[in-house]
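Biologist: I would like to learn how to read a protein model, feature by feature. Could we begin once the structure is before us?

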Amino acid sequence: MKTLRKLSMMVGAITVVTMMAASAFGCGEMANGKATVKNQAWQANEFGSPALRLISDQNDPIVGMWKTSWTSGGAQIDNGFSIWHSDGTEINNSGGRAPITGSICLGVWKKNGASRYRLNHVGISWDPTGTVEVGVANITEEIVLGSSGNTFSGTFTITQYDMNGNVLAVVPGTITGTRVDLSTVVNTL
């Protein structure tokens, strides 16, 4: 009986080690005797536990840094910089808002057609003193990437909520973006 138990434990241990080794190589590939690593990001799986997600080596053309300008009713209402990541997330830094009032928005994006993208991002708004939370601002964008891949244009809607979730204001407008790369000199907003 002890021999059977030892054999079971040994088979179990071999199985676990084999699975671990397979997982290690699941993160990369072996080619010509050399190991390569796949790009990955963490995301929650359906059970809320973190899991690795493989990121494509081929980035979507929207991925990168953009200088943006926001216009509503013929007036520029914001400008700044936005970074679109290959994992479908986005970060926007508003140049038209003081950091104390909430100048960073975090978003998610998805391609929804040839050179077309939908973005949904959220920021937290504070009063000019930075002491009273105004509420959540939800910003959606529908944009089209230019044929060169270095510009985009489209529409946005900002919905500002109060602390109780009531709509305070809805601001529609247009947005444009110009790619920022290693050779771009940015000297104005």
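**Reading the model**

Modeller: The largest pocket holds about 310 Å³ of space. Please keep in mind that this is a predicted model.

Biologist: Which residues lie nearest the centre of the largest pocket, and how many residues line it?

Modeller: The lining consists of 21 residues, and D78, R97, A137, I139 and I158 are those nearest the centre. By class, the lining comprises 11 nonpolar, eight polar and two charged residues. At least two lining residues come from each of β6, β7, β8, β9, β10, β11 (151–161) and β12 (167–180).

Biologist: How do strands come together in a sheet, and what do the strands from β5 to β12 form here?

Modeller: In general, strands of a sheet pair through backbone hydrogen bonds, in either a parallel or an antiparallel manner. In this model, eight strands make a closed barrel in the order β5-β6-β7-β8-β9-β10-β11-β12, and their pairing is antiparallel. On average, neighbouring strands of this sheet are turned by 30 degrees against each other, direction ignored.

Biologist: How many bridges join the strands β6 and β7?

Modeller: Five bridges join β6 to β7, and the two run antiparallel. One partnership to locate is that of I83 with I91 in β7. The hairpin of these two strands has four residues between them, and G88 adopts a positive phi near 90 degrees there.

Biologist: What follows on the other side, where β7 pairs with β8?

Modeller: β7 and β8 (residues 104–113) pair over five bridges in the antiparallel sense. E90 stands opposite G107 in β8. Next, seven bridges connect β8 to β9, again in an antiparallel arrangement, and L106 has V122 in β9 as its bridge partner.

Biologist: How should one read the two faces of a strand, and which residues of β7 are on the covered face?

Modeller: The general idea is that side chains of a regular strand alternate between the two faces of the sheet. In β7, the covered face carries E90, N92 and S94, whereas T89, I91 and N93 belong to the uncovered one.

Biologist: Let us turn to enclosed space. How many cavities of 30 Å³ or more does a search of the whole structure find?

Modeller: The search finds one cavity of 30 Å³ or more, and the volume of the largest cavity is about 30 Å³. Its lining is made up of T68, W70, S82, W84, E90, N92, L119, H121, E141, F152 and I175. The elements that contribute two or more of these residues are β5 (64–72), β6 (75–84), β7 (89–94) and β9 (116–126). The cavity lining divides into five nonpolar, four polar and two charged residues. Two names recur from the preceding turn: E90 and N92 are on the covered face of β7 and also line this cavity.

Biologist: How many salt bridges does the structure hold, and which parts of the chain does the pair of K111 and D60 tie together?

Modeller: There are two salt bridges. In one of them, K111 pairs with D60, with the closest N and O atoms 3.7 Å apart. K111 belongs to strand β8 and D60 to the loop between β4 (50–54) and β5, so this pair ties together parts that are 51 residues apart in sequence.

Biologist: What distance separates N from O in the salt bridge of R118 and E142?

Modeller: The N to O distance for R118 and E142 is 2.7 Å. This pair links distant parts of the chain, with R118 in strand β9 and E142 in strand β10 (residues 133–145), 24 residues apart.

Biologist: Are R118 and E142 buried, partly exposed or exposed?

Modeller: R118 has a relative accessibility of 38%, so it counts as partly exposed. E142 is likewise partly exposed, at 33%.

Notes
Residues numbered from 1 in each chain as written. Predicted model: local features only at pLDDT ≥ 70, side-chain atom pairs only at ≥ 80, totals over all residues. Heavy atoms only, no water. 1 Å grid on protein atoms, 1.4 Å probe; cavity = no way out; pocket = protein on both sides within 12 Å on 5 of 7 lines; lining within 4 Å. Points joined across faces, edges and corners; volume = space filled by probe spheres on them. Nonpolar A, V, L, I, M, F, W, Y, C, P; charged D, E, K, R; others polar. Buried < 20%, exposed > 50% of the residue type's maximum accessible area, 1.4 Å probe, protein only. Pairing = 2+ DSSP bridges. Axes fitted to C-alpha atoms, helices over the stretch in contact; angles between N-to-C directions. Salt bridge = Lys/Arg side-chain N within 4 Å of Asp/Glu carboxyl O.
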